[in-house]
Amino acid sequence: MIANEQLRSTDILTREKILADYQLACESRQVSLLGRRDVMGGRAKFGIFGDGKELVQIAAASAFQRGDFRSGYYRDQTFVAALGELRWNEFFAQLYAHADLAADPNTAGRNMNGHFATRWLNEQGLWQNQTEMFNSVCDIAPTAGQVPRSLGLAYASKLFRNNENLQYLTNFSRNGNEIVFATIGDASTSQGMFWETMNAAGVLQVPLLMSVWDDGYGISVPVEYQTTKGSISKALAGLQRESHDEKGIEIITVKGWDYVALLETYQQAARICREEQVPVLVHVQELTQPQGHSSSGSHERYKSKERLGWEAAHDCNRMFRNWILENGYATDDELDTIEAEALQIAKKARSSAWSAFEQSMKADVEAAADLIQRAARHHPKSAQLMAIREELRRTVNPLRRDSVSAVRHVLRLLRNDSESLRRPLKDWLAQVDTENADRYHSYLYSHSPESPMLVKGIPAHYADDLQLVDGYMLMQRYFDSLFARDARVVALGEDVGKIGDVNQGFAGLQEKYGELRITDTGIRETTIIGQGIGLAMRGLRPIVEIQYFDYIYYALATLTDDLATLLYRTKGGQKAPLIIRTRGHRLEGIWHSGSPMSAMLGSLRGLHILVPRNMTQAAGFYNTLIKSDDPALLIECLNGYRLKERLPDNLDEFCVPLGVPDKLRAGTDVTVVTYGSMCRIVMEAAVELVEMGISIEVIDVQSLLPFDVHQSIVKSIQKTNRVIFTDEDVPGGASAYMLEQVVEGQKAYRYLDSAPKTISAKAHRPPYGSDGDYFSKPNVDDIIDGVYEIMSECEPDRFPPL
């Protein structure tokens with residue numbers, strides 16, 4: 001049985017503090033109750049609340065200092081309010097999805113309720129001083145999804161504390177004194193992300209304070225179905241350190257209704273984290289959830305009457321009230337007054353937020369109704385038009401979509417009328433489309449002066465005494481120069497350190513720059529990414545390795561749910577410029593085939609996806625990324641490390657711009673668009689095609705996100721009138737994506753004399769061996785035959801069918 005050590009008596013208990021804490025607990029409970037009513041009444045779509053967790057969150061907040069971080073989840077409303085970072089009208093604005101930062105400064109209505117975020121970035125998208133803030137990383141809804149990044153946030157404190165070259169970054173740390181408060185519901189501790197993080201935290205010895213809110217259920221599933229021994233603290237007992245000299249974690253258990261014990265527990269846990277740099281798990285037991293899991297249903301469906309009775313008796317707010325009365329800190333009348341005042345505060349905040357939300361819709365409704373009325377005057381379809389207007393005017397709680405939809409309907413009815421009649425409606429739609437693009441679509445990528453899209457290309461320069469080196473040696477020299485000039489840069493991943501990565505790109509660099517900067521990790525892709533995200537959130541410039549591209553699936557949830565959405569879901573309030581380095585293309589074998597590009601394109605909007613054909617281009621991309629503030633995934637060509645390349649003499653300066661294709665070969669008959677290792681295959685095919693009388697223009701797109709920002713590929717098609725897209729992904733994957741971008745997006749269909757063609761890999765992963773590769777992925781013969789087939793179709797006399 002894990003028990004608390006003898007806790008020190010707290011010196012922070014005063015009548016004023018106790019009653020202020022009770023006031024906050026009551027206010028938070030009331031906004032939860034009113035929030036659920038708003039969902040049931042139709043004002044909001046969904047609600048999930050922190051009722052039953054009020055007391056423990058007040059206690060946790062009491063140990064929180066400026067510069068600390070909360071990496072929590074969607075029931076932490078009391079925690080954030082206790083830090084002074086949440087006003088109740090903002091709570092309701094988020095519930096209503098009010099798409100205005102003035103109303104919801106956390107996410108501008110983009111997240112469902114209970115997702116809180118400190119705005120680290122100013123209006124230009126540049127960092128503000130985190131050490132002066134009570135920092136909340138924007139919450140995410142996927143269970144345990146908030147946990148991997150907490151490891152990196154805490155690891156950053158370790159680096160700031162132990163690397164004196166980082167002490168100049170005073171806006172991000174006070175010598176590593178910051179700790180990370182992570183929170184999670186007990187049922188979510190069943191997720192592998194949680195276990196991986198706790199193990200890694202114990203290995204790394206970082207100041208992570210992990211709180212588990214345990215109310216006994218995961219929606220309807222009781223804890224005995226969730227956790228071995230029915231207790232996460234017992235299940236993790238093997239990680240408990242047995243002495244101060246042993247690496248491990250501290251584990252503390254406490255009841256969620258015991259006010260004094262909660263305060264003492266969090267003071268103790270924070271002290272251990274802050275002073276000893278040891279992770280602590282606080283298992284908060286016997287919590288309740290008075291309204292059930294969410295607004296989607298009632299917990300009375302799965303809890304017994306006995307359990308419901310126990311929960312009513314052990315409600316933390318009720319237990320707190322009893323404790324106050326028993327210890328003489330207040331009378332019944334005084335507490336009744338506090339409760340009544342809390343209800344009025346909650347109601348006033350709700351009313352204010354709803355009024356502001358309604359008002360934000362009013363202008364669109366009035367403008368649309370007025371435009372429709374004007375169009376209806378003396379018009380043969382006046383009755384139909386006025387019916388649309390009246391339907392809009394009668395809409396209860398109208399939204400922006402109602403006004404826009406009404407005007408679009410009217411424009412369809414007026415499709416045969418004069419442009420002068422339709423113009424005011426079209427102009428209004430264009431105006432609101434621009435406004436709504438900002439409300440709902442902006443900040444997928446950086447808008448700041450540090451955006452990678454603003455980094456100008458600098459060509460590689462070569463000295464007269466040209467030097468040829470293996471690709472891996474070029475990477476060694478590049479990373480050596482990068483680490484020498486920027487103390488913020490760290491690298492971590494499997495086998496990165498001692499052996500210098502599996503392909504020797506970091507060979508010898510750990511010995512030169514130390515383990516703090518170039519660090520080996522366990523086989524734990526999810527928390528490698530989490531480490532990188534947390535470091536990037538705190539002003540460092542991590543390069544994290546996923547050893548082989550196929551292994552990225554282990555970390556895909558963290559990449560897509562957290563990293564890719566961060567800037568967007570905070571509407572420019574938070575960023576994490578993480579660089580993920582991996583290697584792929586032309587690998588052999590089912591689990592090492594290396595080209596799942598379509599999965600990335602579909603999952604990682606919000607990251608840049610870069611596919612350099614060789615190590616020189618890779619180095620140029622790294623230079624661009626280090627200067628900028630967006631996250632990116634860069635896939636190096638595995639079969640390029642032993643190929644000879646020219647060594648630029650401006651290796652630490654030249655930059656490859658994002659979204660700019662590179663023409664590798666000029667041609668006149670067919671444009672072939674590709675990337676990565678396929679470039680060498682297509683270039684080899686081009687040599688034989690010349691002997692057959694066919695000239696192909698070869699274009700390396702270089703980056704898939706962004707893709708050809710200057711629309712240069714269509715210019716090649718205007719010349720050749722034929723195009724093939726080829727890559728190693730599955731059919732309908734990245735080659736189809738490129739086709740859509742060019743043929744539809746760049747309107748290249750207007751210049752095609754032949755049907756566009758894709759040459760991709762087979763629908764399955766390649767089997768092992770050279771034959772498996774040849775018959776599964778596009779090869780030189782496939783490219784030659786594919787190009788020839790197009791030419792044979794249009795000029796059969798010159799190019800008879802093969």
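## Strands E21 and E22

Phe 725 stands opposite Thr 758, a residue of E22, in what is a predicted model. Strand E21, residues 723-726, pairs with E22 in the parallel sense, and three bridges join the two.

## The five-stranded sheet and helix H23

These two strands belong to an open sheet of five strands, whose order is E17-E19-E18-E21-E22 and whose pairing is mixed. Strand E17 (662-665) and strand E22 (757-759) each have a single partner strand and stand at the edges, so one side of each is left without a neighbour in the sheet. On average, and with direction ignored, neighbouring strands of this sheet are turned by 25° against each other.

Helix H23, formed by residues 713-720, packs on the sheet, where it touches E17, strand E18 (670-674), strand E19 (696-700) and E21. The direction of H23 makes about 155° with that of E18.

## The pair of helices H1 and H10

Elsewhere in the model, helix H1 (residues 15-40) meets helix H10 (residues 316-326), with axes that come within 11 Å and cross at roughly 155°. Because angles over 145 degrees count as roughly antiparallel, H1 is roughly antiparallel to H10. The crossing of these two helices is left-handed.

On the side of H1, the contact is made by Ile 18, Leu 19, Asp 21, Tyr 22, Ala 25, Cys 26 and Arg 29, while H10 contributes Cys 316, Asn 317, Phe 320, Arg 321, Trp 323 and Ile 324. Sorted by character, the residues of the contact of H1 with H10 comprise nine nonpolar, one polar and three charged.

Methods: Residues numbered from 1 in each chain as written. Predicted model: local features only at pLDDT ≥ 70, side-chain atom pairs only at ≥ 80, totals over all residues. Heavy atoms only, no water. Pairing = 2+ DSSP bridges. Helix = DSSP H or I, 4+ residues; strand = E, 2+ residues; numbered from the N terminus. Axes fitted to C-alpha atoms, helices over the stretch in contact; angles between N-to-C directions. Contact = heavy atoms within 4.5 Å. Parallel < 35°, antiparallel > 145°, perpendicular 65-115°, else oblique. Left-handed = near helix turned anticlockwise from the far one by under 90°. Nonpolar A, V, L, I, M, F, W, Y, C, P; charged D, E, K, R; others polar.
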